Amino acid sequence: MRINLAPLVKGLVWVAFIGFYVLIQTGGIGPGTTDNDPYPSYDPAPSTAPKGQARAYLSSVAEEVARPGVWVDPVVIEDRKLSQAEVEQLDAAARAADGPMRIAVIDKAKILDDEGRRMAWMGEELVGQLYDRVGADGIYLVLVHDDRDREFSAVQFAEDGPTYDVEGAVNEAVDCCAPGYERMIATFIDSGDDIDRPFWWYLAWLTGIVAVIGAAVWLWRFWRRKVAEKRANEETMAVLHAPLNEEVVELSARVAALPPVTGADELVPGKAGNQLVSATRKVLDLVESARQKLDTMETAKQASEVTTRLADARYWLAVIEALRAGKEQPRRTAPCFFDPRHGPSTGTTSYKPKGGVTRTVEACDACLAEVEAKRQPQVRTFVKDGKPVFYWDMDIASKPYLDGYWQRRRHPAPTAQRVRALSFSGPTKEPSRGVHFVWESNSSTSRWSGGSSSGRSSSSSSSSSRSRSSGGGRSSRSSSRSSGSRRF
């Protein structure tokens, strides 16, 4: 069986994409918005007024958070939103976090534009302005303090390493603890360095679990097949080895007793002598092959091969008898129903076994005569567990005998057909033909390619490059790996 992987993989990719999209939509969140927050985390119409005062203030904040930790504007402490002791505890927790955290609690009044009417930057753009001035990768959190309109925004900037669930941490902090600054920041620190696993990571784990379960099921079934095969072989050898040996000896004696083929026309194509020579050679080869296979027979399958050769040899013996009697070569028919050792059948008759129903069976001349005389023909039996059993009624041990003699023909007894449907190694009759995986795509592209763009654009030129660096970082901005912003 050939399985084309191209449509399969493409289908899985589409299913994963749709599932991921539905997950996002049902989660109801994207960067900066939640189900409970109808306001975006960015200003739809950013201020275009001069921002000299805001830039100077943000630069001074950058110097305070050049190292990981927490810095709080004195105004916030004066307003009793945080105490100095709380700031020290939060600072220690931020320093101990896995991902470098720089947290600034700033006064909204100090980042207004020069007209004093609105914030110079909002949400993630504000965090980006602070990152541009510090110049070191990590997690940045800016809490904008105000009496009525406050903002809680965070972004992770990094080019490598794990991606942290910053967005989830922002939402958790605001949902659980707003407007308490200390609890909000503590919750963010606790959750902000949880690794944000991508959808494919969970898919890989799920695939791995399914693969392990599949392997376990396969091993279990493989073990069951081996146990069933061993049991079938043992049962077959116990029942069939001696009877098959007797049949090989009997056929060998019959072949040895055949009169030699004589006559000047025995090598002339189409003549009876020529046919006799061919049939005799086939019988000799078949009986010898059966004898050799019997000597090495250890499995039920090998027993079936021996029986097949015995059945073929009996047919060619019937051919030899017909040719010596001056008759045409007979067609191949089913074996005698009552005893396959009688050779191919010559006619049909009605037969009703004890406790069974009447059915038409094929039989040899001798058995047909017995039925015509109202006598019960002797049925071939084997000894199983010390008792005589009909040759078709021994469960798996009957299968090699039936398959060898009837081959592609149907046996008249339903019990025999049920036995033939069994397998030497498990519940299925047909052996596996193997599975072949192929990749056949109608696309002219032989491999997948693609790219992604990280980071974000900004209307402010200072968002794409820094005018100065307080933290000794690189001269260009790293990617925004994860972000979130909420108002409260």
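## Rings, strands and odd backbone angles

Tyr-131 is buried, with a relative accessible area of 1%. Here buried means under 20% relative accessible area, exposed means over 50%, and partly exposed is in between (1.4 Å probe, protein chains only). What you're looking at is a predicted model, where local features need pLDDT of at least 70 and side-chain atom pairs count only at pLDDT 80 or more, while totals for chains, interfaces and linings use all residues. Numbering runs from 1 along each chain as its sequence is written, and side-chain values use heavy atoms, with hydrogens and water left out.

First, the overall picture. The protein chain has 13 helices and eleven strands; these are DSSP runs numbered from the N terminus, with helices being H or I over at least four residues and strands E over at least two. Of its 488 residues, 41% are buried. Looking at contacts (heavy atoms within 4.5 Å), residues 24 or more positions apart account for 69% of those with a separation of 6 or more.

Now the strands. β4 (residues 138-145) is mostly covered, with eight of its eight residues buried. On one side, β4 pairs with β3 in the parallel sense over seven bridges; strands count as paired if DSSP finds at least two bridges between them. Met-101 stands opposite Ile-139 in β4. To get from β3 to β4 the chain passes through α5, in a right-handed β-α-β crossover. Right-handed means that, with the strands pointing away from the viewer, the path from the first strand over the helix to the second runs clockwise. β4 also pairs with β5 (residues 151-157), this time antiparallel and again over seven bridges, and a hairpin of five residues joins the two. Gly-138 has Phe-157 in β5 as its bridge partner.

Helix α2 (residues 52-64) has 13 residues and reaches 19 Å from first C-alpha to last, close to the 18 Å expected at 1.5 Å a residue, where the expected span is 1.5 Å times one less than the number of residues. Its buried residues include Tyr-57, Leu-58 and Val-61, and the cover over the buried set includes β2 (69-72), β3 (101-107) and α5 (123-134).

On to the aromatics. The structure holds 17 aromatic pairs. In one of them, Tyr-131 and Tyr-140 have ring centres 5.4 Å apart and planes at 75 degrees, so the pair is edge-to-face. The cut-offs: Phe, Tyr and Trp rings (for Trp, the six-membered one) pair if their centres lie within 6.5 Å, with planes under 30 degrees apart stacked, over 60 edge-to-face and the rest tilted. Tyr-140 is buried too, at 0% relative accessible area. Tyr-391 and Trp-406, by contrast, are stacked, at 6.0 Å centre to centre and 15 degrees between the planes. They sit 15 residues apart, Tyr-391 in the loop between β9 (387-390) and α12 (399-406) and Trp-406 in α12. Both are buried, and ring pairs link them into a cluster whose members include Phe-337, Phe-390 and Tyr-405.

Finally, the backbone. Most residues other than glycine have a negative phi, and most peptide bonds are trans. A cis bond joins Ala-178 and Pro-179, with omega about 5 degrees. Two non-glycine residues with positive phi are listed here.

| Residue | Phi | Loop | Relative accessible area |
|---|---|---|---|
| Asp-385 | near 55 degrees | between β8 (381-384) and β9 | 72%, exposed |
| Gln-407 | about 50 degrees | between α12 and α13 (414-420) | 28%, partly exposed |
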